[in-house]
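Visitor: I'd like a close look at how the aromatic rings sit together in this chain. Could you walk me through them?

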Amino acid sequence: MTQTTTRPNILFIMADQMAAPLLPIYDRQSVVQMPHLARLAEQGVVFESAYCPSPLCAPSRYSLVSGQLPSKIGGFDNAADFAADIPTYAHYLRALGYRTALSGKMHFCGPDQLHGYEDRLTADIYPADYGWTVNWDALEVRPSWYHNMSSVLQAGPSVRTNQLDHDEETVFKARQYLYDHVRNTPGQPFCLTVSMTHPHDPYTIPSEFFDLYRDEDIPMPRHSFTQDAQDAHSQRLLKVIDLWDKPLTDDAIRRARRAYFGSCSYVDAKIGELRKTLMDCGLADNTIMVFSGDHGDMLGERGLWYKMHWFEMAARVPLVVHAPQQFAPRRVAGNVSTIDLLPTLVELAGGQVDATLPLDGQSLVPHLRGAGGHDEAIGEYMAEGSKTPLIMLRRGPWKFVYGQDDICMLFHLASDPDELHNLASDPGHQATLQAFLAETHTRWNLGALHQQVLASQRRRRLVYRALTQGRRTAWDHQPFVDASQQYMRNHIDLDDLERRARFPVP
């Protein structure tokens with residue numbers, strides 16, 4: 001039995017903090033076991049150079065769902081308010097007649113926790129308030145909520161964790177949504193976003209996945225740097241994550257990476273569960289599957305951990321579009337961004353973006369069709385470890401990273417994929433450097449943006465202090481379940497209920 005709608009369904013699966021360079025769909029030497037993703041990649045379109053718009057959860061996700069850079073929408077850090085009047089792909093698809101649903105994490109901050117999703121099936125794993133606001137007025141202060149190295153030092157197998165609780169519910173509710181869809185609304189297209197928290201730290205996963213790997217199989221970081229040899233932003237990050245003057249042992253690094261690899265395999269198993277549900281429900285042929293993430297993880301490369309920088313491990317994300325009925329399998333080399341997903345999903349759904357509204361993303365459909373496409377990714381970072389906006393421009397073989405105080409980096413990734421040679425001071429590349437600098441000053445007024453970020457931080461800190469006093473009103477999403485409509489109830493005819501709840505219908 002298959003569904004009758006003519007518009008394609010969309011199943012968008014997100015992983016959290018999954019570093020693209022480590023994955024077997026990008027590195028043939030990778031030991032990470034992800035067979036379900038490999039099958040999607042074999043049948044789909046794989047973007048080999050996809051980037052996040054910001055290497056941090058909330059800003060990246062705000063930009064992903066809205067198609068706009070963080071500075072355009074106030075998405076400065078993990079406690080930035082995401083305004084209700086910013087259109088998202090969920091708004092666009094809902095206006096086209098789609099049922100729009102979110103299961104799992106999206107890290108929306110502020111009182112609007114839906115942003116166009118008709119249904120939100122789970123609570124978020126992260127807080128929706130302003131408690132994690134960055135403070136550029138006190139750069140020397142390290143708040144207690146900053147990352148520390150406990151995720152690495154306590155890495156290993158576990159039976160249960162906060163993140164396992166969340167992701168198990170996320171995938172269960174998503175599969176139930178698909179079952180309910182095919183039983184109750186098969187004629188209406190859906191866009192279901194399933195957003196897991198793995199392989200985000202802490203680096204721990206059940207033995208079933210941890211034991212897929214052996215310590216001797218885990219590759220160590222390829223390059224490391226002494227503290228003094230790090231760039232200024234990396235030095236600040238080492239202090240942010242409490243790693244300054246606290247070297248890690250090789251055993252701790254290897255164990256954390258092993259758990260991270262196991263977490264990638266866990267995500268892969270969930271991809272398999274979701275795809276099986278599509279096939280069981282007769283939805284697979286008319287459902288476009290998209291797999292991506294919000295940012296990567298340094299995972300010990302260059303001596304750094306977590307994200308918050310523009311190096312490849314933190315900034316490059318997986319991006320696969322699986323729609324073999326529409327697009328032949330291929331690999332796309334051009335630079336793209338998850339900020340491009342909004343116009344892409346709208347076009348795949350048969351709609352058009354509103355040309356009168358701001359949009360930074362560009363549709364990936366030309367790439368999907370093999371007709372060429374753009375070759376550009378742009379990003380901004382204004383959160384932990386920064387003291388002024390840190391921007392990134394990626395085009396052709398080049399990556400340019402710039403902060404107006406002390407960061408200027410130019411890498412030729414085609415010849416230097418590990419970003420070991422900063423060409424910003426190389427006399428032979430000054431023309432390229434000056435072109436990127438000129439573009440930067442055309443695109444951004446960095447001084448004004450700095451003041452804009454400071455003003456936002458100050459407002460949010462004041463509001464948060466006030467709202468922690470007296471009676472607290474939570475912004476966290478509260479999923480509603482109407483138990484009167486579940487299972488067997490006396491106001492519903494039993495035979496009719498059993499018939500409608502069964503799929504396929506007898």
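Visitor: To start with one ring, at 24% relative accessibility, what does W132 count as?

Guide: Happy to. W132 counts as partly exposed at that 24%, because partly exposed lies between buried, under 20% relative accessible area, and exposed, over 50%, using a 1.4 Å probe and protein chains only. A word on the model: it is predicted, so local features need pLDDT of at least 70 and side-chain atom pairs count only at pLDDT 80 or more, while totals for chains, interfaces and linings use all residues. Residues are numbered from 1 along each chain as its sequence is written, and side-chain values use heavy atoms, with hydrogens and water left out.

Now to the rings. Those of Phe, Tyr and Trp (its six-membered ring) pair if their centres lie within 6.5 Å; planes under 30 degrees apart count as stacked, over 60 as edge-to-face, and the rest as tilted. By that rule there are 17 aromatic pairs. One of them joins Y126 and W132: their ring centres are 5.3 Å apart and the planes stand at 75 degrees, so this pair is edge-to-face. Its other partner, Y126, is buried, with a relative accessible area of 17%. Both belong to a cluster, linked through ring pairs, that also takes in W145 and Y146.

For another geometry, turn to F400 and F436. Their ring centres are 5.4 Å apart with planes at 10 degrees, so this pair is stacked. It links distant parts of the chain, 36 residues apart: F400 lies in strand β14 (residues 398-403) and F436 in helix α13 (residues 430-443). Helices (H or I, at least four residues) and strands (E, at least two) are DSSP runs, numbered from the N terminus. Both F400 and F436 are buried.

Some rings also meet a charge. A charge sits over a ring if NZ of Lys or CZ of Arg is within 6 Å of the ring centre and within 35 degrees of the ring normal. The charged end of K239 sits this way over the ring of W244, 4.6 Å from its centre. Likewise, R302 has its charged end over the ring of F311, at 3.8 Å from the centre.

As for the setting of these rings, the chain has 15 helices and 15 strands. Of its 506 residues, 56% count as buried. Its C-alpha atoms fill a box of roughly 75 × 60 × 55 Å, taken along the principal axes.
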